[in-house]
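The following exercises concern helix packing, a ligand site and two backbone features. Please attempt each task with the structure at hand before reading its solution.

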Amino acid sequence: MTVTPDPVHEAPTPLGTTARDHLWMHFTRLSAYADGGVPVIVRGDGPYVYDQDGRRYLDGLSGLFVVQAGHGRREIAQAAARQAEQLAFFPLWSYAHPTAIELAERMAGYAPGDLNRIFFTTGGSEAVESAWKLARQYFKKTGKPNKHKVVSRDIAYHGTTMGALSVTSLPGIKADFEPLVPGAIKVPNTNFYRAPEHGDDLEAFSVWAAEEIRRAIDREGPETVAAVYLEPVQNSGGCFPPPPQYFQRVRQICDEYDVLLVSDEVICAFGRLGEWFGAQRYDYQPDIVTVAKGLTSGYAPLGAMIASDRLIEPFLHGTESFAHGITFGGHPVSCAVAMANLDVFEREDLLGNVRRNTDAFRSTLEKLYDLPIVGDVRGDGYFFGIELVKDKASRETFDDAESERLLRGFLSKALFDAGLYCRADDRGDPVVQLAPPLTCDQQHFDEMEQILRDVLTEAWKRL
Ligand SMILES: Cc1ncc(COP(=O)(O)O)c(C=O)c1O
């Protein structure tokens with residue numbers, strides 16, 4: 001199964017043909033490129049990227065929720081070059097290097113409460129995986145050895161390595177890899193648009209969704225449950241924000257049952273929601289935060305698990321250690337890049353830019369409500385999903401064949417051809433997702449709206 005529909009591009013190019021022959025694109029139906037028409041992006045500048053024919057595209061997805069600071073930042077590239085020259089590599093296995101130390105201190109300073117300990121990885125899946133292993137080992141060390149299960153929400157994506165894939169709740173990308181790691185429990189997500197039984201009562205919905213976590217823990221046996229993984233705004237399914245007080249309720253439930261709250265912020269941290277961390281946006285205190293993507297704006301790969309003082313405590317004594325490591329976790333070049341990226345965040349007040357512009361972004365996208373195909377516009381910060389429906393009044397969605405025809409057959413390619421790179425996704429109900437660089441402003445929102453308007457109008461005609 002493909003996760004991101006294929007933006008098939010007609011014209012085969014020499015590089016596209018070589019890509020077809022030798023490159024294994026991720027989550028991609030390779031048959032879609034049998035003619036060698038793989039789109040090849042060669043350059044980026046601010047919120048735009050360019051293909052090898054010089055055509056410009058607005059990067060409405062920041063690559064893959066990554067390029068917060070925008071493309072083409074020379075100072076970040078130079079920080080990488082300087083670090084590679086000074087010290088290209090040394091591991092964090094019993095040793096340390098200055099950029100990892102400085103970055104860890106800086107991230108702990110941004111993180112809420114006592115999230116003071118940074119375990120670096122190379123990406124998000126490894127961070128999610130690390131958090132599960134930490135939760136298991138922590139409880140083994142503290143007299144609750146049976147606590148090993150994790151709870152996560154329907155349709156949520158938490159990565160692809162076997163542990164992270166088990167936390168992920170997308171049957172279509174799991175089935176072929178079964179049996180997965182046992183003990184990954186699923187609960188409902190916060191898709192209010194698809195919760196008609198709660199009418200317009202967000203408060204009741206919030207209580208229900210949080211209590212579903214309690215019910216799952218009760219059902220499994222609290223003595224077996226180690227952690228709950230939640231994204232501040234759930235990406236997969238199309239940007240589900242939390243209803244009011246949801247996280248406060250979940251926090252309380254986790255405290256009652258001694259279950260760790262893992263805030264998976266691989267997308268939501270580093271400004272996506274206008275704060276350093278999504279937990280700050282919604283005012284809750286996680287035990288662990290997982291990050292990646294925006295930490296470096298993608299100028300080099302890096303992820304991290306940020307753990308609270310309580311969780312490091314058992315590992316501070318005697319012969320104890322967290323029995324886990326990754327060669328390239330906290331790579332010096334990646335850490336130097338992250339420092340330079342965070343300098344840009346501070347100097348240009350990227351968090352403030354998102355906060356100041358969120359309402360404008362939302363209301364620009366909400367103009368699309370006049371189109372019959374637009375059912376719901378939802379999200380927060382610079383992170384929005386537009387759910388497409390067949391019937392606005394009944395909220396009827398598309399069947400599989402229609403979805404295939406609409407998203408894969410038409411929308412992705414048409415949006416791309418019209419100059420907008422974004423995501424048309426049907427892992428839940430069909431949505432178009434937008435997560436532009438944090439430097440964007442009204443002119444870019446208007447550009448997105450205009451392209452979406454034209455292409456969605458055409459899509460409706462073709463249905
Ligand atoms: C919430 C979340 N967790 C984990 C991951 C996995 O990250 P990576 O692709 O860097 O392994 C992703 C990737 O999109 C994600 O969105």
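**Exercise 1: Helices H13 and H15**

The crossing of H13 and H15 is right-handed. The model under study is a predicted one.

*Task.* Determine how H13 is oriented relative to H15, and state which residues of the two helices meet.

*Solution.*
Step 1. Helix H13 spans residues 350-366 and helix H15 spans residues 442-462; their axes come within 9 Å and cross at roughly 15°.
Step 2. Angles under 35 degrees count as roughly parallel, and H13 is therefore roughly parallel to H15.
Step 3. From H13, the residues in contact are Asn357, Ala360, Phe361, Thr364 and Leu365, and their partners in H15 are Gln442, Phe445, Asp446, Met448, Glu449 and Leu452.
Step 4. Sorted by class, this contact of H13 with H15 comprises 6 nonpolar, 3 polar and 2 charged residues.

**Exercise 2: Helix H12 and its contacts with H3 and H4**

*Task.* Establish how H3 is oriented relative to H12, then do likewise for H4 and H12.

*Solution.*
Step 1. The axes of H3 (residues 74-86) and H12 (residues 332-347) come within 8 Å, with a crossing angle of roughly 150°.
Step 2. Angles over 145 degrees count as roughly antiparallel, so H3 and H12 are roughly antiparallel to each other. Their crossing is right-handed.
Step 3. On the H3 side the contact involves Glu75, Ile76, Ala79, Ala80, Gln83 and Ala84; the H12 side includes Pro332, Val333, Ala336 and Arg347. The contact of H3 with H12 has 10 nonpolar, 2 polar and 2 charged residues.
Step 4. H4 (residues 98-110) packs with H12 at an angle of about 40°, the axes being 8 Å apart. H4 is therefore oblique to H12, and this crossing is left-handed.
Step 5. Thr99, Ala100, Glu102, Leu103, Arg106 and Tyr110 of H4 meet H12 residues including Pro332, Cys335, Ala336 and Met339. The class totals for the contact of H4 with H12 are 9 nonpolar, 1 polar and 4 charged.
Step 6. Comparing the lists, Pro332 and Ala336 of H12 appear in the contact with H3 and also in the contact with H4.

**Exercise 3: The ligand site**

*Task.* Which residues surround the ligand, and how far is a polar side-chain atom of Asp264 from a nitrogen atom of the ligand?

*Solution.*
Step 1. The surrounding residues are Gly123, Gly124, Ser125, Val128, Tyr157, His158, Gly159, Glu231, Asp264, Val266, Ile267 and Lys293.
Step 2. A polar backbone atom of Gly124 is 2.8 Å from an oxygen atom of the ligand.
Step 3. An N or O atom in the side chain of Ser125 is 2.6 Å from an oxygen atom of the ligand.
Step 4. For Asp264, a polar side-chain atom lies 2.7 Å from a nitrogen atom of the ligand.

**Exercise 4: Backbone features**

*Task.* Where does Pro179 lie, and what is the phi value of Ser62?

*Solution.*
Step 1. The loop between helix H7 (171-174) and strand S6 (184-187) contains Pro179. The peptide bond joining Glu178 and Pro179 is cis, with omega at about 0°.
Step 2. Ser62, a residue other than glycine, has a positive phi near 50°. Ser62 lies in helix H2, which covers residues 62-65.

Technical notes: Residues numbered from 1 in each chain as written. Predicted model: local features only at pLDDT ≥ 70, side-chain atom pairs only at ≥ 80, totals over all residues. Heavy atoms only, no water. Axes fitted to C-alpha atoms, helices over the stretch in contact; angles between N-to-C directions. Helix = DSSP H or I, 4+ residues; strand = E, 2+ residues; numbered from the N terminus. Parallel < 35°, antiparallel > 145°, perpendicular 65-115°, else oblique. Left-handed = near helix turned anticlockwise from the far one by under 90°. Contact = heavy atoms within 4.5 Å. Nonpolar A, V, L, I, M, F, W, Y, C, P; charged D, E, K, R; others polar. Near = heavy atom within 4 Å. Polar contact = N/O pair within 3.5 Å; in protein donor to acceptor, adjacent residues only side chain to side chain.
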